[in-house]
Amino acid sequence: MSLARLALTAAATGSLVALVATPASAVSADRPPKTTKGPCAYTQTPDEPPARWVHLPPDPRRTPTRPVSAVLETNHGDIRLRLDPVKAPCTVQSFVHLIRHRFYDRTSCHRLTAYDRLKVLQCGDPSFTGEGGPGYKYKDELPTDLPPWPGDPTGVRKTYARGLLAMANAGPNTNGSQFFLVIGDSGLAPNYTVFGTVDGPGLAALDRIAAGGIQPTPDGPTPPVDGKPVLPADIRDARISRR
């Protein structure tokens, strides 16, 4: 199943806010998808072609250990990222692959949220619709060390702290190209791979985007809490940095 439209749902009582998605159609049995031979098993999604063409990432034979630095050059300033391949080797490998193939260049972050328990900017879709992906999927590398969300008696929610970088998905093992940057501490089930962090100036850029607000929709709440940012958040260039 490839990346499908992502939506946010929240009960009126303020229960757990989660990223959910509608399922994609099954892959045709007579055209099995290509899959890389290795621990990541990057798998084509013929039912969801790439929003911008890119081939499957190379599947690393050994788990990399050195942190990787990346930069998202945006119209609000540079957002520098520190990627952690020890915690999420397949995710970092894919993210670096997409950067090197300019998948994220000249794209716009299509979604900003301002719920009490979810404050993120979501990016990574060249189609600008929230439905686009790279034409492949790969496994989750879920966090096991996130602290509990304060005041949650169920223990289900965990704290995705301000400054974390994580993957959006359409259900288990459907990671693609879309990712989210956590602007404010968010309470989510630990179903989203964390693969890096945002630096201080990058957080300042995210704060500027968040301060601009969210575009209203006809049937949405006032003020809006989920939608396109009022201030366009454009990724002009994404690159791997030596810093």
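A residue counts as buried when its relative accessible area is under 20%. With that cut-off in hand, we can walk through this predicted model, starting from a strand in its sheet.

**Strand 12 and its partners**

Strand 12 covers residues 179-184, and six of its six residues are buried, so the strand is largely enclosed by the rest of the structure. Strand 8 pairs with strand 12 in the antiparallel sense, and five bridges join the two. Within this pairing, Cys-123 has Phe-179 of strand 12 as its bridge partner. Strand 11, which spans residues 164-167, also runs antiparallel to strand 12, here over three bridges. Phe-179 turns up again in that pairing, where Met-167 stands opposite it.

**The whole sheet**

Let us step back to the sheet these strands belong to. It is an open sheet of 10 strands with antiparallel pairing, and its order is 6-16-4-5-14-11-12-8-7-15. Which strands stand at the edges? They are strand 6 (107-108) and strand 15 (226-227); each has a single partner strand, so one side of each is left without a neighbour in the sheet. Strand 7 (residues 111-113) is joined to strand 8 by two bridges, again in the antiparallel sense. In that pairing, Leu-112 stands opposite Leu-121 of strand 8.

**One cavity**

Rolling a probe the size of a water molecule over the atoms shows where empty space is left. Searching the whole structure this way turns up one cavity of 30 Å³ or more, and the volume of the largest cavity is about 30 Å³. What lines it? The lining consists of Leu-72, Thr-74, Ile-79, Cys-109, Leu-121, Cys-123, Leu-181, Ile-209, Ala-233 and Ile-235. Nine of these residues are nonpolar, one is polar and none is charged. Strand 4 (68-74) and strand 8 (119-123) each give at least two residues to the lining. Two lining residues have already appeared in the sheet: Leu-121, which faces Leu-112, and Cys-123, whose bridge partner is Phe-179.

**Backbone features in the loops**

Most residues other than glycine have a negative phi, and most peptide bonds are trans. Two residues with a positive phi are set side by side here.

| Residue | Phi | Loop | Relative accessibility |
|---|---|---|---|
| Arg-102 | near 60° | between helix 1 (89-100) and strand 6 | 47% |
| Phe-128 | about 65° | between strand 8 and strand 9 (136-137) | 38% |

Are these two residues buried, partly exposed or exposed? At 47% relative accessibility Arg-102 counts as partly exposed, and Phe-128 is also partly exposed, at 38%. The loop that holds Arg-102 leads to strand 6, one of the edge strands.

The peptide bond from Thr-222 to Pro-223 is cis, with omega near -5°. Pro-223 sits in the loop between helix 2 (200-211) and strand 15, and strand 15 is another of the edge strands.

**How far to trust the coordinates**

The average pLDDT of the protein is 88, and 87% of the residues score at least 70. Residues 1-28 have a pLDDT below 50, and this stretch makes 85 contacts in the model beyond near neighbours in sequence. Where pLDDT is low, the predicted coordinates should not be read in detail.

Notes
Residues are numbered from 1 along each chain as its sequence is written. This is a predicted model: local features need pLDDT of at least 70, side-chain atom pairs count only at pLDDT 80 or more; totals for chains, interfaces and linings use all residues. Side-chain values use heavy atoms; hydrogens and water are left out. pLDDT is the predictor's confidence in each residue, from 0 to 100. Contact means heavy atoms within 4.5 Å. On a 1 Å grid over the protein atoms alone, a cavity is a set of points where a 1.4 Å probe fits but cannot get out, and a pocket is an open set with protein on both sides within 12 Å along at least five of seven lines; lining residues have an atom within 4 Å of a point. Grid points are joined across faces, edges and corners, and a volume is the space filled by probe spheres set on the points. Helices (H or I, at least four residues) and strands (E, at least two) are DSSP runs, numbered from the N terminus. Ala, Val, Leu, Ile, Met, Phe, Trp, Tyr, Cys and Pro count as nonpolar, Asp, Glu, Lys and Arg as charged, and the others, Gly among them, as polar. Buried means under 20% relative accessible area, exposed over 50%, partly exposed in between (1.4 Å probe, protein chains only). Two strands pair if DSSP finds at least two bridges between them.
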